[in-house]
Amino acid sequence: PLVPLLTRGEALPPRTLHFALFNNLALIHEGWKIVTAYDQPWQLYDLKNDRTETRDLAATQPNKLAELAAL
C-alpha cells in the first residue's frame, strides 16, 4: 500500500489517530485535536488554523469537544 504513495505521490487517506501514554491522552480527527493529561480538562485545538496549538478552543467550541471526546 505504500508503493503508490512513494512512486506517484499519492496521499494516504485521512484517519483518526489516538494516543495514550500513562495518563496523557490525545486524539486527532479531521484537523482537530483534543488532549488531556493527568485528569486535567480536555483542551481542543484547530490544527488547520493553529498548527502550534496556542489557542485552546474547548470553552468556545463545546460541541466539537464533545464530538471528539465521544470518539
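Visitor: Let's start with proline 62. What does proline 62 count as, buried, exposed or partly exposed?
Guide: Proline 62 counts as partly exposed, because its relative accessibility is 46%. Buried means under 20% relative accessible area, exposed means over 50%, and partly exposed is in between, using a 1.4 Å probe and protein chains only.

Visitor: Hang on, what sort of model is this?
Guide: This is a predicted model, where local features need pLDDT of at least 70 and side-chain atom pairs count only at pLDDT 80 or more, while totals for chains, interfaces and linings use all residues. Residues are numbered from 1 along each chain as its sequence is written, and side-chain values use heavy atoms, with hydrogens and water left out.

Visitor: Okay, back to proline 62. Which element is it in?
Guide: Proline 62 sits in helix α2. Helices (H or I, at least four residues) and strands (E, at least two) are DSSP runs, numbered from the N terminus.

Visitor: And how far is proline 62 from valine 35 in space?
Guide: Their C-alpha atoms are 14 Å apart, with the two positions 27 residues apart in sequence terms.

Visitor: Zooming out, how many helices and strands does the chain have?
Guide: There are 2 helices and 4 strands. Going from the N terminus, the order is α-β-β-β-β-α.

Visitor: How does its radius of gyration stand against a compact globule?
Guide: The chain has 15 Å, whereas a compact globule of 71 residues would be near 11 Å. That radius is taken over C-alpha atoms, and the globule rule is 2.2 Å times the number of residues to the power 0.38. Along its principal axes, the C-alpha trace spans about 45 × 30 × 20 Å.

Visitor: What share of the residues is buried?
Guide: Buried residues are 24% of the 71.

Visitor: Can we look at histidine 29? Where is it, and is it buried or exposed?
Guide: Histidine 29 belongs to strand β2, residues 24-29. Histidine 29 is buried because its relative accessible area is 14%.

Visitor: What does histidine 29 touch?
Guide: Leaving out neighbours within four places in sequence, histidine 29 is in contact (heavy atoms within 4.5 Å) with Thr16, Leu68 and Leu71. With threonine 16, there's a side-chain polar contact of 2.5 Å. A polar contact is a pair of N or O atoms within 3.5 Å; within protein, one must be able to donate a hydrogen and the other to accept it, and residues adjacent in sequence count only if both atoms are side-chain atoms.

Visitor: New topic: why is aspartate 50 called buried?
Guide: Aspartate 50 is called buried because its relative accessible area is 4%. Aspartate 50 lies in the loop between β4 (43-46) and α2 (62-70).

Visitor: Who are its contacts?
Guide: Not counting residues up to four places away in sequence, aspartate 50 touches Tyr45 and Arg55. The aspartate 50 side chain reaches the backbone nitrogen of arginine 55 at 2.7 Å.

Visitor: Last one: which sign does phi have in phenylalanine 22?
Guide: Positive: phi of phenylalanine 22 is near 55°, and this residue is not a glycine. Most residues other than glycine have a negative phi. Phenylalanine 22 is in the loop between β1 (17-21) and β2, and is exposed because its relative accessible area is 70%.

Visitor: And what about phi in tyrosine 38?
Guide: Tyrosine 38 has a positive phi too, about 50°. Tyrosine 38 is in the loop between β3 (32-37) and β4.
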